[in-house]
Every structure is written in C-alpha cells, then in structure tokens.
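Biologist: I have a new structure open and would like to learn how to read it. Could you take me through some features one at a time?

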Amino acid sequence: MDTALFVGLAHRSALKRRMDVVAHNIANMSTTAFNKERVVFRQHLMDAPGAAATTGGKIAYVMDAGVTRNTDTGNMISSNNPLDVFIKGRGYLTVTANDGQTVYTRNGRMMVDKDGELSLLSGEKVLDNNGQTIQFDEEDVDIHIASDGTISTNVEEKGKLGLVSFASEQNMKRRGSSLYETDQAPEPPENMTDVSLRPKAFEGSNVNAIESMVEMIDVMRAYERASKNSSGYEDMRKDSLDRLARVQ
C-alpha cells in the first residue's frame with residue numbers, strides 16, 4: 001500500500017464531501033426555514049506498514065463521521081399573508097407528508113388548498129393539536145392565527161396548530177429542504193412555555209451568504225493544495241523509480 005497516496009486520497013475525499021455540503025447550503029439560502037449543515041470528521045489511526053507494535057508507528061486518516069445541523073433560528077421575514085407564521089423558540093408544526101407519514105417543519109408559509117384544508121405552500125397538510133387536518137368553509141374569512149396557534153375566522157374557531165418540540169433536534173432526519181422525520185416522541189404543548197407564534201411572518205434560511213462563500217473558497221484552495229501535493233509526490237516517486245532503474 002502506498003501510504004502517502006492513500007492519505008492524500010482520503011484528504012481529498014473529505015474535502016469533496018465538505019464542498020458538497022457547503023454547496024447545498026448556498027443553494028438553499030432562500031429556502032424557508034432551511035438549516036445549514038456542516039460535515040463532522042474524525043481521525044482514524046492505524047499501524048504504519050512494517051512498524052512493530054511496540055514502536056507505536058501510526059498513520060492518521062481523516063474519515064467522514066456524519067453531518068450536523070445548525071439549529072439557530074433564521075431571520076424573521078414579514079409577509080402580508082395572515083396564514084404565515086414565524087415560530088419563536090424551538091417548536092415545529094406537525095404536517096402530513098405526501099406519502100401520508102407524519103413529519104415536522106419550521107416552515108410556516110401556509111395556504112388554504114383546493115380541498116379547503118390548511119397546507120404548506122409545497123402541498124403538505126398541516127395538522128392540529130389532535131392530529132387532524134384543519135378545514136375551512138367558503139364563508140370563512142378574516143382568518144387569524146394567535147400566538148398560541150389557535151386559528152379563528154369571522155365564523156368560529158377552527159382549531160389549534162399542532163406545535164411540538166423534541167429532546168434532540170440533531171436526531172431528526174431531514175426530508176427535502178425543510179421537513180423532518182423522527183422516532184422521538186414529541187413534547188406536549190404544555191411543556192413548551194418558550195414557544196409561540198408570530199403571524200404574518202415566516203422564518204428565513206439561517207445560511208450566511210458571505211460565510212458560506214468564504215468557506216467554499218477555503219475548501220477549493222485546500223483541495224488544490226492537496227492535489228498539488230499528491231501530484232508532487234507521484235512525480236517524485238516516478239523519478240525515484242527511474243533513477244533506480246538506471247542504477248541497475
């Protein structure tokens with residue numbers, strides 16, 4: 001095994017993975033309630049070829065350990081839509097995905113769909129605190145969403161948004177840009193004293209454009225340096241083999 005080339009390959013593979021995540025963040029700078037991600041790497045040590053166990057000779061490789069999500073709240077963006085809500089605190093709306101599975105989101109951009117039900121702009125049905133869809137009739141106007149999630153119209157109350165929270169947001173699996181699924185049991189609303197809603201607003205992405213572009217440039221330069229080092233080592237190796245062949 002050519003150790004130097006293998007280490008260089010591992011380094012470049014890690015940088016490529018990091019670049020993919022940075023590019024994905026930048027692509028979602030305008031996505032509602034998008035949370036930026038970063039790659040977590042760990043060091044893997046193995047015995048160097050030919051090294052005795054007592055000498056402690058080790059080779060360090062970088063390995064992709066996974067992706068973590070930055071859960072900082074994005075900027076609040078005002079809107080004129082009375083159905084839009086900004087979630088203050090670490091709460092999530094409960095929705096039904098297009099495949100029928102219950103998922104969760106901080107995307108508070110909503111509408112009344114063709115079936116008269118409250119849904120996200122992307123089509124997922126928004127659920128109330130009893131796990132049911134929220135239905136509107138033709139005579140329902142002047143829709144208002146209170147800070148606790150209660151929905152009312154000029155006619156009557158229509159229910160209460162199913163706001164929930166979770167013990168570990170990092171264990172939630174992303175589906176698409178702003179939907180999440182999890183096996184965790186949601187915290188009941190009565191335990192969410194720090195979560196409330198702001199109507200006529202929604203959460204923007206928490207991606208910082210300048211920081212992400214600087215990070216992308218840093219990764220590109222690091223990859224170029226790694227490639228140059230690998231090429232230099234390969235040239236040196238070939239030159240050594242040529243010299244050895246001439247000596248023989």
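**Reading the pocket, the core and a loop**

Modeller: Happily! This is a predicted model. Let us begin with a pocket: the lining of the largest pocket has no nonpolar residues, five polar ones and six charged ones.

Biologist: Which residues line the largest pocket, and how much space lies in it?

Modeller: For a pocket, look at who lines it and then at its volume. Here the lining is made of Asn25, Lys36, Glu37, Arg38, Thr68, Arg69, Asn70, Asn208, Glu211, Ser212 and Glu215. The space in this largest pocket is about 200 Å³.

Biologist: Which helices and strands supply that lining?

Modeller: Here we match residues to secondary structure. At least two lining residues come from each of strand E1 (37-47), strand E2 (58-69) and helix H2 (209-247). H2 gives the largest share, with three residues.

Biologist: How many helices and strands does the chain have?

Modeller: There are two helices and 17 strands.

Biologist: Now the inside, please. How much of the chain is buried?

Modeller: Burial tells us how far residues are covered by the protein. In this chain of 248 residues, 37% count as buried. As for the outside, the accessible surface is about 14,200 Å², and carbon and sulfur atoms hold 50% of that.

Biologist: Which members of the largest nonpolar core touch the most others?

Modeller: In a core, look for the members with the most partners. This core has 22 residues, and those touching the most other members are Met110, Leu118, Ile151 and Leu161. Strands E4 (85-88), E5 (92-96) and E8 (118-120) each contribute at least two of the core's residues. A separate core of eight residues includes Leu15, Val22, Ile26 and Ala226.

Biologist: What does Met110 touch, leaving aside residues up to four places away in sequence?

Modeller: Its partners include Leu83, Val85, Leu93, Leu118, Val126, Ile145 and Leu161, and also Asn81 and Asp84. Across the chain, among contacts with a separation of 6 or more, 61% link residues 24 or more positions apart.

Biologist: Let us finish with a loop. Is Glu138 buried or exposed, and why?

Modeller: To decide, compare the relative accessible area with a cut-off. Glu138 counts as exposed because its relative accessible area is 80%, and exposed means over 50%. You will find Glu138 in the loop between strand E9 (125-126) and strand E10 (144-145).

Biologist: How far apart are Glu138 and Gly116 in sequence and in space?

Modeller: Sequence and space give two separate distances. Glu138 and Gly116 are 22 residues apart in sequence, and their C-alpha atoms are 8.0 Å apart in space.

Conventions. Residues are numbered from 1 along each chain as its sequence is written. This is a predicted model: local features need pLDDT of at least 70, side-chain atom pairs count only at pLDDT 80 or more; totals for chains, interfaces and linings use all residues. Side-chain values use heavy atoms; hydrogens and water are left out. A nonpolar core is a set of buried Ala, Val, Leu, Ile, Met, Phe, Trp, Tyr and Cys residues joined through side-chain atoms within 4.5 Å. Buried means under 20% relative accessible area, exposed over 50%, partly exposed in between (1.4 Å probe, protein chains only). Helices (H or I, at least four residues) and strands (E, at least two) are DSSP runs, numbered from the N terminus. Contact means heavy atoms within 4.5 Å. Accessible areas come from the Shrake-Rupley method with a 1.4 Å probe; for residues, only the protein chains shown count as cover. On a 1 Å grid over the protein atoms alone, a cavity is a set of points where a 1.4 Å probe fits but cannot get out, and a pocket is an open set with protein on both sides within 12 Å along at least five of seven lines; lining residues have an atom within 4 Å of a point. Grid points are joined across faces, edges and corners, and a volume is the space filled by probe spheres set on the points. Ala, Val, Leu, Ile, Met, Phe, Trp, Tyr, Cys and Pro count as nonpolar, Asp, Glu, Lys and Arg as charged, and the others, Gly among them, as polar.
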